[in-house]
Amino acid sequence: MEFSSKLLEKAVYEMSQLPGIGKRTALRLVLHLLRQPNEQTLHLASALQHMRNDIKFCKSCHNISDTQLCEICANPRRTDEIICVVEDIRDVMAIENTSSFKGLYHVLGGKISPMDGIGPNDLNISTLVTKVKEGHVKELIFALSSTMEGDTTNFYIFKQIQDCDIVTSTIARGISVGNELEYTDEVTLGRSILNRIPFEASLKS
Ligand SMILES: [Zn+2]
């Protein structure tokens, strides 16, 4: 792509670094911004910069938050005896949309995936195990997507807390295998949280 302006070229290049944005789309977006009032670009740039500078991770559940303790963990109407283990914030958002869950979450930040060089120590697993061993948690719900990586991660955590006196369950998936949690519709997801099944039963099936 030949550019008449180095400034334009640089903007298009940076935009095209985003996933799913090719050079042509990047050019379209940049030209769109150029046609809009200057403020729109300033607002976009400032929102991105503020997000990068000020965003925090909840010290308890590791979810993305504006405060040290996220709104979900800080909510006294929720029970801290049930913890739903998820991969990232998109799963939290999907489950929150169902309004079917009144416990807390634990955000792992990914799944164990030796192929991608992600091991247990790269994820927020040890804080979860500590939380469970403190003895206050009564139930752990695994809500990772049913991929090989998801199953491996569930099983790894299960092994760590096997001797603790808690119930472990997994969301009943009436959903096709490999379906990511974020794409399942809210009714199905809400129902699967209510009809969760014991984790060990899911191992045998
Ligand atoms: Zn939290």
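This is a quick walk through a helix pair, a zinc finger annotation and a sheet in one structure.

Okay, so before anything else, keep in mind that we're looking at a predicted model.

Let's start at the N-terminal end, with the helices. As a reminder, two packed helices are described by the angle between their axes and the distance between the axes. Here, H1 covers residues 6–15 and H2 covers residues 23–35, and they pack at about 120 degrees with 8 Å between their axes. Angles from 65 to 115 degrees would count as roughly perpendicular and those over 145 as roughly antiparallel, so this pair comes out as oblique. The crossing of the two is right-handed.

Who's actually touching whom? On the H1 side you've got Leu8, Ala11, Val12 and Met15, and H2 brings Lys23, Ala26, Leu27, Leu29 and Val30. Sort those contact residues by type and you get eight nonpolar, one charged and no polar.

Moving along the chain, UniProt has an unreviewed entry that puts a C4-type zinc finger region at residues 58–73. In the model, that stretch is 19% helix and 12% strand, and its end C-alpha atoms sit 8 Å apart.

Now the sheet. It's open, with five strands in the order S4-S3-S5-S6-S7, and the pairing is mixed. Which strands stand at the edges? Those are S4, at 104–107, and S7, at 197–198; each has a single partner strand, so one side of each has no neighbour in the sheet.

Let's zoom in on S5, residues 139–142. With S3, residues 82–86, S5 pairs in the parallel sense over four bridges. S5 also pairs with S6, residues 167–170, again parallel and over four bridges.

If you want to follow one residue across, take Leu140 in S5: Ile83 stands opposite Leu140, and in S6 the bridge partner of Leu140 is Thr168. Next along, Ile141 has Ser169 of S6 as its bridge partner.

That's my tour; happy to take questions.

Note on methods: Residues are numbered from 1 along each chain as its sequence is written. This is a predicted model: local features need pLDDT of at least 70, side-chain atom pairs count only at pLDDT 80 or more; totals for chains, interfaces and linings use all residues. UniProt positions are given in the numbering used here, feature names are shortened, and annotations may be inferred rather than shown by experiment. Axes are lines fitted to C-alpha atoms, for helices over the stretch in contact, and angles run from 0 to 180 degrees between N-to-C directions. Angles under 35 degrees count as roughly parallel, over 145 as roughly antiparallel, 65 to 115 as roughly perpendicular and the rest as oblique. A crossing is left-handed if the near helix is turned anticlockwise from the far one by less than a right angle, and right-handed if clockwise. Two residues are in contact if their C-beta atoms, placed from the backbone, lie within 7 Å. Ala, Val, Leu, Ile, Met, Phe, Trp, Tyr, Cys and Pro count as nonpolar, Asp, Glu, Lys and Arg as charged, and the others, Gly among them, as polar. Two strands pair if DSSP finds at least two bridges between them.
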